[in-house]
Amino acid sequence: MEGQSRKWMVAAATVWIQAFTGTNFDFSAYSSDMKAVMRISQVQLNYLATASDLGKALGWSSGLALLYLPLPVVLLLAAAIGVAAYGAQWLLITGRISLSYFPVFLLCLLAGCSICWFNTVCFVLCIRNFSLNRSLALGLTISFNGLSASLYALAANAVSSSSSSTSAYLLLNAALPLLASTAALLPILRSPSSALLLDSSSHDSHIFVVLHILAFFTGLYLLFLNSFSSSSLTNARLLLAGAVILLLLPACVPHLICACDWLRRNIYSSSLFSFIGGAVDDFELQKQLVGSDEEDSTAGGNVIRNDNDCDGGGDDADAGQHCCSCRGLMKDKLAALGEEHSVSRLVRRIDFWLYYVAYFCGATVGLVYSNNLGQIAESLGKDSQTTTLITVYSSCSFFGRLLSSAPDFLREKIHFARTGWLAVAVVPLPVAFFLLAESGDALLAGTALIGLSSGFIFSAAVSVTSELFGSNGLGVNHNILITNIPLGSLLYGLLAALIYDANGKTMVPVLLRNGMVVCMGRKCYAKTFLWWACISLVSLASSLALYFRTKALYRRAARRRPRPPPAGEQVVEPEPEALAN
């Protein structure tokens, strides 16, 4: 029981870290003030947002650091980098120091790098402490990263008046990750060794259900009560205290383990527990399937037999002829789930590039939208609603991330490929952008849809990468995938900025206190929304192609899924590879 209690305390610690380290999501809250203080154009502001995302391209550095430094040291270094980067930006925006454009660009780059280091620490902790249900552990902790903007909006209202709340965001971005890391340090230092871990999939899934329900109510709390925080400092502080209590509740899970054991023994036949009892870890399953799948796929020599390439199954001549008609789509298919891929092999895979395009034209567009929320609201004359929009995007992103765990809970009832869920998650994006292009009144609804879709893709991507291209090289392979984020941030943000500045020059300008010209009206972003809608349709087409190429693998894996090990069976875990976001 000692090992069980400690590992759930580690899970609570990763929740705290993730909840307070998604500092890139509140960029739009202070971007207008930074633009005014530095007297830069919209295009130059876009480059600063890109710099923050570009920090993720340095994700390999966190994995390298973990090879030579203890994990708690890497955590504290990430916090120190964030304090330096955001602290200097706060000094700049409050007029205490003066910096040229290039040093500010480097500060934004460092801030993005610190976020990546925090994510790496959380990934490694989840993998070390949960040999089974790793996807559930990762999905839960990554979900809380989506709540960061809502928590920071609440904290900003609680510590400052409305006139100085924008600069408070930067100060909080520097301080809160350090405080969260300090609070998480003790559970991490006391994390159990592999010899103390007794891991049971069905047992742990009960605990994860409790945590997911708790997370759901935390998201509802921040979504519906955050708006009351702007009325007074007292309300804001009370609501912030309530949010902190909700975040501390996961630490009570170790004390509930005995109660959950009793419930499992006495009412295991209830529909809730029987419904979720079959959750099995994706990562372990993939390793078990590689050998058996390769035996089938290479039977009879070097010819790969993909007996489920098409729905017909390939058992008769008619089905074979039908498969020939889609042979072009199925060219160079993966032979099995979990098959390990080196970098050189990865970049030669059609499936990888379909996946890359689906992410690049999907979730990355949603991220760029969130970076521009401040200017979008300002151009529509709704700059007073910026905090509300940030809260809505953050909360819906959280719910999207939480929903990404649905395939793990539903796998015994609904056999649907995770790549299919990915395609379904892309659907709200073009719908939302077409709505925004048509009417400015759809700003709230469009923001909610974009947040929901992007959040699901962000969270599901880790599991999809592991399932398709292997778990051993997940750190490297996933870093290659997310190179699309800085690239998309640059291209999509530049597109929006050029259209914004062009409209600002042709329309009646509005001069701010520093002589900065801004664009006002629906036309400032209408054409941008149309472009983003068309780009997200490319994501939908790419994700559908990926689903059709991989659904047979998931179906075959579902048929061969092993039963969960008996409760109490000891699992000795290998040291995981250091992961980077």
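**View 1. Ser143 sits in helix 7, which covers residues 134-145.** This is a predicted model, and this close-up picks out one serine to start with. Is Ser143 buried or exposed? Its relative accessible area is 0%, so Ser143 counts as buried. Look past its neighbours within four places in sequence, and you'll find Ser143 in contact with Phe398, Arg401 and Leu402.

**View 2. Cys519 and Cys524 are joined by a disulfide.** A disulfide is a covalent bond between the sulfur atoms of two cysteines. Here the two sulfur atoms are 1.9 Å apart. The angle about the S-S bond is -90°, and the link of Cys519 and Cys524 is left-handed. How many disulfides turn up when the whole structure is searched? The search finds 1. Both ends are tucked away: Cys519 has 2% relative accessibility, so it counts as buried, and Cys524 is buried too, with a relative accessible area of 0%.

**View 3. Cys122 is a cysteine that is in no disulfide.** Which cysteine sulfur is nearest to that of Cys122? It belongs to Cys126, and it is 6.7 Å away. That is too far for a link, because a disulfide needs the sulfur atoms within 2.5 Å. Cys122 is buried, with a relative accessible area of 0%. For another cysteine to look at, try Cys361: its relative accessible area is 8%, which is under the 20% limit, so Cys361 is buried as well.

**View 4. The largest nonpolar core brings together 154 residues.** In soluble globular proteins, nonpolar side chains tend to be buried together. Which residues have the most contacts inside this core? They are Phe144, Tyr359, Tyr369, Phe433, Phe529 and Trp532.

**View 5. Zooming in on Phe433, we can list what it touches.** Leave out residues up to four places away in sequence, and Phe433 touches Val365, Tyr369, Ile450, Phe529, Trp532, Ala533 and Ser536. Tyr369, Phe529 and Trp532 are also among the residues with the most contacts inside the largest core.

**View 6. The predictor's confidence varies along the protein, from helix 15 to helix 23.** The mean pLDDT of the protein is 78, and 76% of the residues reach 70 or more. Among the elements, helix 23 (residues 428-438) has the highest mean, 94, while helix 15 (residues 317-325) has the lowest, 44. Over residues 269-325 the pLDDT is below 50, and the model gives this stretch 101 contacts beyond near neighbours in sequence. Residues 566-581 stay under 50 too, with 60 contacts beyond four places in sequence.

Note on methods. Residues numbered from 1 in each chain as written. Predicted model: local features only at pLDDT ≥ 70, side-chain atom pairs only at ≥ 80, totals over all residues. Heavy atoms only, no water. Buried < 20%, exposed > 50% of the residue type's maximum accessible area, 1.4 Å probe, protein only. Core = buried A, V, L, I, M, F, W, Y, C linked by side-chain atoms within 4.5 Å. Contact = heavy atoms within 4.5 Å. Helix = DSSP H or I, 4+ residues; strand = E, 2+ residues; numbered from the N terminus. pLDDT = per-residue confidence, 0-100.
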